[in-house]
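Open the model in your viewer and show it as a cartoon with side chains available. The tour begins at one residue and then widens to the whole chain.

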Amino acid sequence: MRLDKFLKVSRIIKRRSVAKEIADQGRILVNDRTAKSSSKVAAGDTLTIKFGNKTEVVKINQIVETTKKSEAEDMYEIVDEKYAENFD
């Protein structure tokens, strides 16, 4: 499955166009390699996604073409979550 479609179906990113834009800016790594929106992902891959000041590391558990909102979280697990700055 394409990276941008996986991010949308799993609901990590809400819109495919936003997922494509983030990937094409080089802010997503697949298995520690910079990925384009058209990069193929599979179960077992690790994604590192940079959102502003937040960096999230996600492991793909399964690939499903379509899913319900309640089942979307079963597609991945969050391995690590870091914030560049603390705003407390």
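Select Ser10. In this predicted model, Ser10 has 1% relative accessibility. Buried means under 20%, so Ser10 counts as buried.

Now place Ser10 along the chain. It sits in the loop between helix H1 (3-9) and helix H2 (16-24).

Show the side chain of Ser10 and look towards Phe6. A polar atom of that side chain lies 2.8 Å from the backbone oxygen of Phe6. Next, add Leu7. Its backbone oxygen is reached by the side chain of Ser10 at 3.4 Å.

Which residues does Ser10 contact, leaving aside its neighbours within four places in sequence? Select Ala72, Met75 and Tyr76. These are the contacts of Ser10 once those neighbours are set aside.

Zoom out and colour by secondary structure. The chain has 3 helices and 5 strands. Trace the elements from the N terminus: the order is α-α-β-β-β-β-α-β. The radius of gyration is 12 Å, close to the 12 Å that the globule rule gives for 88 residues, so the chain is as compact as a globular protein of that length. Rotate the C-alpha trace: along its principal axes it spans about 40 × 25 × 25 Å.

Switch on contacts. Among those with a separation of 6 or more, 42% join residues 24 or more positions apart.

Finish with the surface. The accessible surface is about 5,700 Å², and 44% of it belongs to carbon and sulfur atoms. Of the 88 residues, 34% count as buried. Colour by charge last: there are 18 positive and 15 negative side chains. The centres of the two sets lie 7 Å apart.

Technical notes: Residues are numbered from 1 along each chain as its sequence is written. This is a predicted model: local features need pLDDT of at least 70, side-chain atom pairs count only at pLDDT 80 or more; totals for chains, interfaces and linings use all residues. Side-chain values use heavy atoms; hydrogens and water are left out. Helices (H or I, at least four residues) and strands (E, at least two) are DSSP runs, numbered from the N terminus. Buried means under 20% relative accessible area, exposed over 50%, partly exposed in between (1.4 Å probe, protein chains only). A polar contact is a pair of N or O atoms within 3.5 Å; within protein, one must be able to donate a hydrogen and the other to accept it, and residues adjacent in sequence count only if both atoms are side-chain atoms. Contact means heavy atoms within 4.5 Å. The radius of gyration is taken over C-alpha atoms; the globule rule is 2.2 Å times the number of residues to the power 0.38. Accessible areas come from the Shrake-Rupley method with a 1.4 Å probe; for residues, only the protein chains shown count as cover. Lys and Arg count as positive and Asp and Glu as negative; His and the chain ends are not counted. The place of a charge is taken as NZ of Lys, CZ of Arg, CG of Asp or CD of Glu.
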